[in-house]
2 protein chains.
Amino acid sequence: MLRLKRIAIDTYHENVAYLGRNCTDYRAESFQALAKIEITPNHDHGRRKAGDGQAKKIFAVLNIIDDDRLLGPEELGLSEQAFTLLDLAEGHEVDIAQATPAASLDAVRKKIRGETLTGDEIRAVISDIAAKRYSKMEIAAFLISSASFLSTAEVLSLTRAMAGVGTRLEWDLPVVVDKHCVGGIPGNRTSMIVVPIVAAYGLTIPKTSSRAITSPAGTADTMEVLARVDLLFDEMRDIVTREKGCLVWGGHVDLSPADDILISVERPLGIDTREQMVASIMSKKIAAGSTHLVIDIPIGPSAKVRSHDEAIRLRKLFEFVGDEIGLNLKVVITDGTQPIGRGIGPVLEARDVMKVLRCDPDMPIDLREKSLLLAGHILEFDPGLRGGQGFERARAILESGEALSTMNRIIDAQGRVEKETPLGELTVEILADGDGYVTAIDCYRLARIARLAGAPMDKGAGIELIVKIGDKIERGSPLYRIYATAPTEFRYACDMASENNGYGIGDSPPPAGWPDKAR
Amino acid sequence: MLRLKRIAIDTYHENVAYLGRNCTDYRAESFQALAKIEITPNHDHGRRKAGDGQAKKIFAVLNIIDDDRLLGPEELGLSEQAFTLLDLAEGHEVDIAQATPAASLDAVRKKIRGETLTGDEIRAVISDIAAKRYSKMEIAAFLISSASFLSTAEVLSLTRAMAGVGTRLEWDLPVVVDKHCVGGIPGNRTSMIVVPIVAAYGLTIPKTSSRAITSPAGTADTMEVLARVDLLFDEMRDIVTREKGCLVWGGHVDLSPADDILISVERPLGIDTREQMVASIMSKKIAAGSTHLVIDIPIGPSAKVRSHDEAIRLRKLFEFVGDEIGLNLKVVITDGTQPIGRGIGPVLEARDVMKVLRCDPDMPIDLREKSLLLAGHILEFDPGLRGGQGFERARAILESGEALSTMNRIIDAQGRVEKETPLGELTVEILADGDGYVTAIDCYRLARIARLAGAPMDKGAGIELIVKIGDKIERGSPLYRIYATAPTEFRYACDMASENNGYGIGDSPPPAGWPDKAR
């Protein structure tokens, strides 16, 4: 028996347990080479810190500590994630044992051999992943073996399995609408304009968004500049009942915990297959209780989807899964050749959004037009609206100020941030190194620069675009401005921008037509 | 700039860096979601602790510390592995930055898409893995994507790349022999008998072996019961010059560091493809400077190789790679239906080995016969020996006591362990639950029980087999005896044995013939 100790180390999506090398009851090294250990509370001892029901066992990888000051010979340390999950008080007695490898790993090995998995096998894998039974490398094994081939039936099983392990929001309404962008376009904060328009129209749109993982801002990070976003489901339900819409962080309502874990491995590996993307998005929408969904697929040379053919294949997979699970969806293909709006980073993006809602003459037109396009498609889910009237109706709601006042009510209901968040005080303008026209903007590169400048952790950090595709420039005229607060981060961002500023310059403006048409 | 601090945490094959959440110069969270950070020493400050040449940068995953007592706001903590690798004194100033993803990950993504990699691409991947540039999940991505398909050209490139990144032993001799078993059979300690026979004959056999990773004993663990095994290359060379042979731990001479890292991911994942096995073994043999090699492939229902066809495919791949790299090899297919000898665990296996070398009437015959078979094949690498005389010659060397005296000289040269290591004092006999004959012994299960009992960390822990395949038994007669020292480990092993003791019992002895013939 070991006594539990909380070790103040944040091990990010992985449970880590710490055992002293000179531990009296266990031989630490004999555990370490093996995949995981399991930690079981001693039921006879103490009381649970909180909650009711059975104390659960958890799984963790083991690190060995060689310093008695950190951990005594009769103690078991747990990283913050593991400690929270086990949910016992310090000093509680626990038992450890070598974890039996998860039985569902047999299915992973089957997938590695190129076979197709049954629904039950996929459900077992996802349930073990959600229980933190898999190590990161085991998760990678599942992802990589699935990346080479997943049948449409497997995509559907994966979607259902991921939706099945988290919380499921129940709205008791015939129509609950939602929107989703497959991502990769900086500044693309349409949700914060679409939600107030749709809510003002009267459709229910309880929007849950993610925080940025590898991008410079997620909708949740940007909304957080204006209002509290970490709401519990009960608060969220109250607001949606009154205001028809909300813009909250999805992490707190635990919609698809397996998906969150898969994403934490997918992103750093840079694998992002069509099949996994569809299962990920659709599982979250099922869990969020959506009945009608508009999906935005931007196409561009540095977007996630690079060609029209690819977008069509993706659209068909979304439609297949949507039909099978009974989710009514509409896929909209949009221009993803450059960032949307002017700002990249939470404060700058929130500023763009509020300008559009206020109908400020200085607003970014592309953000407004794209938001109206998406809102229009959502409004047409209403059987009562005449076909083709969605866009006009959305525009009328925006221009009348109804969208703005709805947004203000949502902000107040979620908890308004009274103090304005300042922009970073360290700024530099990145200048054109030639004459001509802007012909390309590398979304990935600009996202990376904004991220290095400190976004999204530093909400005031980021990039403000001064010129966009088609604009005429001269050598030495400004392309964009970097904002940062921390000197090291400012230096990283400047270094990366001076190595390659992400702008393409040519002698003539790019040809008109698609994807230009969508702008 | 941060000051370096050693954190006494053993993170096993992964570099981990620790940064305080309230760090003054860096925003800890902004690094954490990303794959790795790179740590660069400040050259202007302090002196290097040891060595000459340029201070190197290292890569590490980041954990965040929330406790000022563990780490100050101007400090960067490093786990033991990372601290040793960076090789700087505590207090040295270092800089950190988000690591640029390894360029070779493009090759991994190419492999995930099902393409074939060039030699240069494989070399880049292996070189980054050896530099600890990959996270465990990135390593898993490479392994899994390669597990589904590797061309023979890729196997060859992988072999050469892995042999290229570590130390390469140079012997300046025309014939340097070696043996290797593909593994999976407990008690299979033939090397400790083959080496003294071959060395006594006069061929040079500088044997490097591994410690157990997931098995209850490696040759290095067993040899360590009798002699020191963590020799440096200079010591090893001196002994080999005098005695023609040695039995040392390969980890200390760093023969194929990339392979060691790959194995640390392969084993827990339970993936073990033919292609990766061949590249792993052959790379280590090239690096060890071997010119002639006997490879033992045991076949059995619970061995690594389960059928004759599989063994033949594996043999052909070994032969292809051997021919291409100019290594003269002979593959021997042996009986792998049950453990070899009686002991499983370092002390018990060392006892079996010494009984065979001493020609003790109580010796395990199967261990003796198999060792003579393998030694015979090695002796036939000598062009001066008449074909077919190897086995007889090996037997003569064993029976004359020459092998024993050579072994004693090798033990003395490496550093004899004077004090006898005791067997575990906690013992239990596992009894037959029926009458009849032993028809099967599950190698995997017995290895697991011996491991739970504490082997190989506890050298005196393990299993002593009392009956083997073909033996007649009665209900209640003993099958094997478990030895352990720690009460918790004893309990784990007993629990697993009582759940399923790993013995198959039938009404009649198993039929004679292959694989029985090889016993």
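In which sense do strand β5 of chain A and β2(B) pair, and over how many bridges? In this predicted model, the two strands run antiparallel to each other, and two bridges hold the pairing between β5 (residues 58–65) of chain A and β2(B). One of the residues involved is Ile64(A), whose bridge partner in β2(B) is Asp10(B).

That cross-chain pairing sits within a symmetric arrangement of the two copies. Laying chain B on chain A takes a turn of 180° with a shift of 0.0 Å along the axis, and the fit comes out at an RMSD of 0.1 Å. The copies are thus related as by a two-fold rotation axis. As for what lies by that axis, Met137(B) is the residue of chain B that comes closest, with its C-alpha at 2.2 Å.

Turning to the interface itself, 51 residues of chain B are in contact with 52 residues of chain A. On the chain B side, the elements that each supply at least two residues are the strands β2 (9–10) and β5 (58–65), along with the helices α1 (28–32), α3 (105–112), α5 (136–148), α10 (257–269) and α18 (487–499). Helix α5(B) gives the largest share, with nine residues. Sorted by character, the residues of chain B that touch chain A come to 28 nonpolar, twelve polar and eleven charged. Every one of the interface residues of chain B, 100%, is also an interface residue in chain A, so the copies meet through the same surface.

Within chain A, there is also an open sheet to look at. Three strands make it up, in the order β8-β11-β12, and their pairing is parallel. The edges are taken by β8 (177–181) and β12 (328–335) of chain A, each of which pairs on one side only. On average, neighbouring strands of this sheet are turned by 20° against each other, direction ignored. Helix α14 (residues 365–379) of chain A packs on the sheet and touches β8, β11 and β12 of chain A. The direction of α14(A) makes about 165° with that of β12(A).

A closer look at one pair of neighbours in the sheet fills in some detail. Strands β8(A) and β11 (residues 292–299) of chain A run parallel and are joined by five bridges. Here Val177(A), in the chain A sequence, stands opposite His292(A) in β11(A).

Methods: Residues numbered from 1 in each chain as written. Chains lettered and ligands numbered in written order. Predicted model: local features only at pLDDT ≥ 70, side-chain atom pairs only at ≥ 80, totals over all residues. Least-squares fit on C-alpha atoms with pLDDT ≥ 70 in both. Contact = placed C-beta atoms within 7 Å. Helix = DSSP H or I, 4+ residues; strand = E, 2+ residues; numbered from the N terminus. Nonpolar A, V, L, I, M, F, W, Y, C, P; charged D, E, K, R; others polar. Pairing = 2+ DSSP bridges. Axes fitted to C-alpha atoms, helices over the stretch in contact; angles between N-to-C directions.
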